[in-house]
Amino acid sequence: MIIQPKIRGFICTNAHPVGCAAHVQQQIDFIKQQPKLTQVPQRVLVIGCSTGYGLASRIAAAYGAGAKTLGVCFEKEPSEKRTATAGWYNTAAFHQAAKADGLYAHTINGDAFSNEIKAQVIEQIKQDFGQVDLVIYSLASPKRKDPVTGEVYSSTLKPIGDSYTTKTYHTDKDQVTEITLDPATDDEIAQTIKVMGGEDWELWLAALHDAGVLAPNAKTTAYTYIGKKLTWPIYGQATIGKAKEDLDRAAAAMRTRYTDLNLEAYVSSLKALVTQASSAIPVMPLYISLIYGVMKQEGTHEGCIEQIYRLFNEALYSEDRLLDEAGRLFMNGWETNDATQAKVEALWHQVNQENFHQLADYAGYHSDFLKLFGFGIDGVDYDADVDPMVGFD
Ligand SMILES: NC(=O)c1ccc[n+]([C@@H]2O[C@H](COP(=O)([O-])OP(=O)(O)OC[C@H]3O[C@@H](n4cnc5c(N)ncnc54)[C@H](O)[C@@H]3O)[C@@H](O)[C@H]2O)c1
C-alpha cells in the first residue's frame, strides 16, 4: 500500500507505519542523549501511552530510567484496506525497540474507562512485576462510557457563560477566520467533567490500591493545560478547564485517601503542543502556531518528549520542583510568562489571512501535525509500497 496523508478537518485519518516508527525512534534518541533519570522508578503504568504526552512519558521512563512500562491505549488495528491509527503503529514501534534493547514493554489496547481493562491491567501487574511505583494518567478522549451505568458522556469544547467570538485557524483549509462559540449548557459542562475530569483517574488509583498493586511511596500524575488570557475563554475558563479543575480536586482527594501508602498525586501543568487532542480544540492551532514562532525565537521551544524529560527530572522526581499557585507541577512557565505572552498577544491582534504565514510558525505547526501520523519525516520514502499489517504483542 502507498500511504499518503488523508487530512479531514482537524485530523488525519490514516497513518504511516514506517513514519510512526521513525518518529518514535527520534524521541528515543532524544532521551538516550540526556543524562539518565536515576530517580525514576522501575515499574511504570502509563494510561494513554500511545501518542502525545503519554507516549513521551513511556519513552522517557523506559529509555531514561530503564523502567518496565505497562501501557494502556485505545487504538485501531490495521486491515488490508485501512492503516491502523498512529498510536497503534507508535506502540508497535516502541515494543520493537524496547524488546531489542532488553526493556520490558506490554500494552493493553482497550477502553481505559471500563472495569474490564482495569482488571486486565491489575492481572498483568500481578503476573509481571507485582506492583507499580508510578502511574501516569494521560488520557484525552471525546467520550466516556460510565462503567457502572453504561451511560455514554461526551466532552464539549465551549466557553462558559457568554458566547465568545475570536480568531481561529482552519488547519485543513489553511484559513484564518472568526468564529463564534456558543456557551455550554450546564449539562455539557457536567458531561465534559465526567469525561476529562478526575473521576476515572481516581477509579484507576482505587482499583490499583484495593488490589494491592500500588507500591508504597508510589506517585501518580495527570496532565493539564492552564494557559493564559488568550486561551482562557476556550480552555482555562471553558468546559475543558472545568474538567481540568476536577483533576485538582481528585489529586487532593487521593493524597488524603492513600496516606497508608504515602501516595503522591500531582497534576502537572504542561505546555501547549500539537497533538491529536489539541488540534481538535478551536483556537488552539492558531495560538500554537503563534507561540511556536515566539518560543523558537526565544530558544525555549520544546516538544512532548523534551517537556516530559524535564517533568521527570526537574519536578516529579526532584525536591526542587516548581509548583504553581494551586500546587501543580509547573512546567509551562517558558510559555506563560508575561514577556512571552505579551509577544504572542501582539501577534494575535495583528494576525489575519494575509499575514498568517509571516507571523506564525505555520511550517512548524504543520510539520509537527503531520509527524503525529508518521508523515513528513526525513528519510522515509512515502512513495514506497508498505505493509500496513504491523502488530505488537
Ligand atoms: N496537547 C497539549 O497541548 C496538552 C497540554 C497540556 C496538557 N495536555 C493533556 O495531556 C493529556 C494527554 O493529551 P495529549 O495531547 O497527549 O493527547 P493524545 O490525543 O495525543 O493522547 C491521548 C491518549 O489517550 C488514549 N485514549 C483515549 N481514549 C482512551 C480510552 N477510552 N481508553 C484508553 N486509552 C484512551 C489514546 O490512545 C492516546 O494514547 C490530556 O489530559 C491533555 O489534556 C495536553
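## Helix contacts, sheet and ligand shell

In α8, the residues Pro-285, Ile-288, Ser-289, Tyr-292 and Lys-296 meet Tyr-362, Gly-364 and Tyr-365 of α13. By class, this contact of α8 with α13 has five nonpolar, two polar and one charged residues. The model is predicted.

Helix α8 spans residues 284-298 and helix α13 spans residues 362-372; the two pack at an angle of about 115°, with axes 8 Å apart. That angle makes α8 roughly perpendicular to α13. The crossing of α8 past α13 is right-handed.

**The open sheet**

Seven strands form an open sheet in the order β5-β4-β3-β6-β11-β12-β13, and the pairing is parallel. The edges are β5 (105-109) and β13 (329-330); each has a single partner strand, so one side of each is left without a neighbour in the sheet. At the β5 edge, β4 and β5 pair in the parallel sense over five bridges. One residue pair can be named there: Gly-71 has Thr-107 in β5 as its bridge partner.

Helix α3 (residues 86-100) packs on the sheet and touches β4 and β5. Helix α4 (residues 115-128) lies across β3 (43-47), β4, β5 and β6 (132-137). The table gives the direction of each helix against β5.

| Helix | Residues | Strands | Angle to β5 |
|---|---|---|---|
| α3 | 86-100 | β4, β5 | about 160° |
| α4 | 115-128 | β3, β4, β5, β6 | about 165° |

**A hairpin**

Strand β9 (residues 164-170) and strand β10 (residues 175-181) pair in the antiparallel sense over seven bridges. Lys-167 has Glu-178 in β10 as its bridge partner. Four residues lie between the strands of this hairpin, and Asp-174 takes a positive phi near 55°.

**The ligand shell**

How many residues surround the ligand, and which are the closest? The ligand is surrounded by 29 residues, the closest being Gly-48, Gly-52, Ala-112, Tyr-225 and Thr-275. By class, the shell has 15 nonpolar, 12 polar and two charged residues.

Three elements each supply at least two residues of the shell: α2 (52-65), β4 (68-73) and β11 (214-224). The largest share comes from α2, with three residues. Both β4 and β11 are also strands of the open sheet. Strand β4 thus has several roles in this account: β4 supplies at least two residues of the ligand shell, pairs with β5, is touched by α3, and has α4 lying across it.

Key
Residues numbered from 1 in each chain as written. Predicted model: local features only at pLDDT ≥ 70, side-chain atom pairs only at ≥ 80, totals over all residues. Axes fitted to C-alpha atoms, helices over the stretch in contact; angles between N-to-C directions. Parallel < 35°, antiparallel > 145°, perpendicular 65-115°, else oblique. Left-handed = near helix turned anticlockwise from the far one by under 90°. Contact = placed C-beta atoms within 7 Å. Nonpolar A, V, L, I, M, F, W, Y, C, P; charged D, E, K, R; others polar. Near = placed C-beta within 6 Å. Pairing = 2+ DSSP bridges.
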